[in-house]
Amino acid sequence: MTIRKKAPPQIPGFEYLHSDIVLIPGYRGSKLYNPKTKTTTWLNLQIPLSPHKKENLDLPLQITKDEPDRFIPHGILQKIAFYRFYDSLIQHMDNLSSQTNPQSFKFHKFSYDWRRSNQATSDIFLEYLKKIYATNGEKPIYILAHSNGGLITLSVLHRAPHLIAGVIFAGTPFGGAPGIFHEFKFGSPVLFNKKLQDPTTIFTYRTAFHLLPIKCNAFKNPPNDRDFYVDYFDSKEWLNSEWSNVIFEDTPRNLTIGTKEERIAYLERVLDDTKKFHDTLKFQGTEFKYPPMVTLISNVHQSNGGYPITKNQHGKWEIDFEGVIPVYGDGSVSVESTKLPDGIPYEVCYSINTHAELFEDLTAVGQAIEKIFVPKKVA
């Protein structure tokens, strides 16, 4: 007796899928595996419940591109415990691709080391797409890009537009995310584990600097909450601030990543690299032919719109982390920040999900797919 697989649920929009489709996750959306210890350090169920573990995710300061490191990307982080990030989407896409005609569409999952610079990852992603393009009859590829994965995708699109047929961005912080300053100062604990991503580790993440708001509008003037311009892409401003203790303090922990001179030299280099990467995201002009693009966003959750900033008694910039300016967004990225750079054409779809779960809203994803795959009718 032949047992038939249960047909996947019918969700409007997904019936239009065809060709090759690639999912690229966001910041911290890929697993990091240590081949030497044969463990998935980012992320397994034991780590959040292990406050005394000393392991960290430091990326050596001397790494600039794709030099070897003890961790390698090892698949997309679909879920952890009860938290789902890409699980529903991947299961649904896998089920659809196994049930439909093989000529219909192929689903690819791209994982990457999200600690490294977006420029380095863009180079790798470009080669990944070229390989698909070379084996599919040179047909352009559709991209599902979450958060930081959208920044990488837009950069690659501007370099090789012939490779990309359309893009769905989900919660991509084109304008940056002010909350990253909190991580630089205090780290990003994973439940009870405060050591895996302490402030020293965050300082070594090149991608963390790419998330700095691109227009230098992360800070506000306390009396009226208007934008207060501080060029935090200039290393001098970091040296004249209290934004990160890692730069100045020669603690045993900070010295594990380098001397003070090495840490400052690294800061100068990574800020310069960040500005260069931001340039790759700019509108390419009216002669550049953009493919259909949709940004999937949420506008119902309180999000970080910036911080009040003042100078302390020592004349250094100091952030009021308790005075977050609330704005609407997905809980991590504001609505304003999800807007593509000026001049680039795109459409918008909405979800009620939070940032990490935007691609779990399959109804909204289906609506975005229809906008990408079904040409508009000309009146």
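**Close-up views: two pockets and a loop**

**View 1. The second largest pocket has a lining of 10 nonpolar, 8 polar and 9 charged residues.** Here Ala, Val, Leu, Ile, Met, Phe, Trp, Tyr, Cys and Pro count as nonpolar, Asp, Glu, Lys and Arg as charged, and the others, Gly among them, as polar. This is a predicted model, where local features need pLDDT of at least 70 and side-chain atom pairs pLDDT 80 or more, while totals for chains, interfaces and linings use all residues. Residues are numbered from 1 along each chain as its sequence is written, and side-chain values use heavy atoms, leaving out hydrogens and water. In all, 27 residues line this pocket, with Phe174, Gly175, Ile214, Lys215 and Asn217 nearest its centre. A pocket is an open set of points on a 1 Å grid over the protein atoms alone where a 1.4 Å probe fits, with protein on both sides within 12 Å along at least five of seven lines; lining residues have an atom within 4 Å of a point. Helix α9 (residues 260-279) chips in the most, with 3 residues.

**View 2. The largest pocket comes in at about 1,200 Å³.** That volume is the space filled by probe spheres set on the grid points, which are joined across faces, edges and corners. Its lining counts 41 residues, and Tyr27, Arg28, Ser188, Ser332 and Ala356 sit nearest the centre. By class, that's 24 nonpolar, 13 polar and 4 charged.

**View 3. Glu322 sits in the loop between β15 (317-319) and β16 (326-329).** Strands (E, at least two residues) and helices (H or I, at least four) are DSSP runs, numbered from the N terminus. Glu322 is 9.0 Å from Pro308, C-alpha to C-alpha, with their positions 14 residues apart in sequence.
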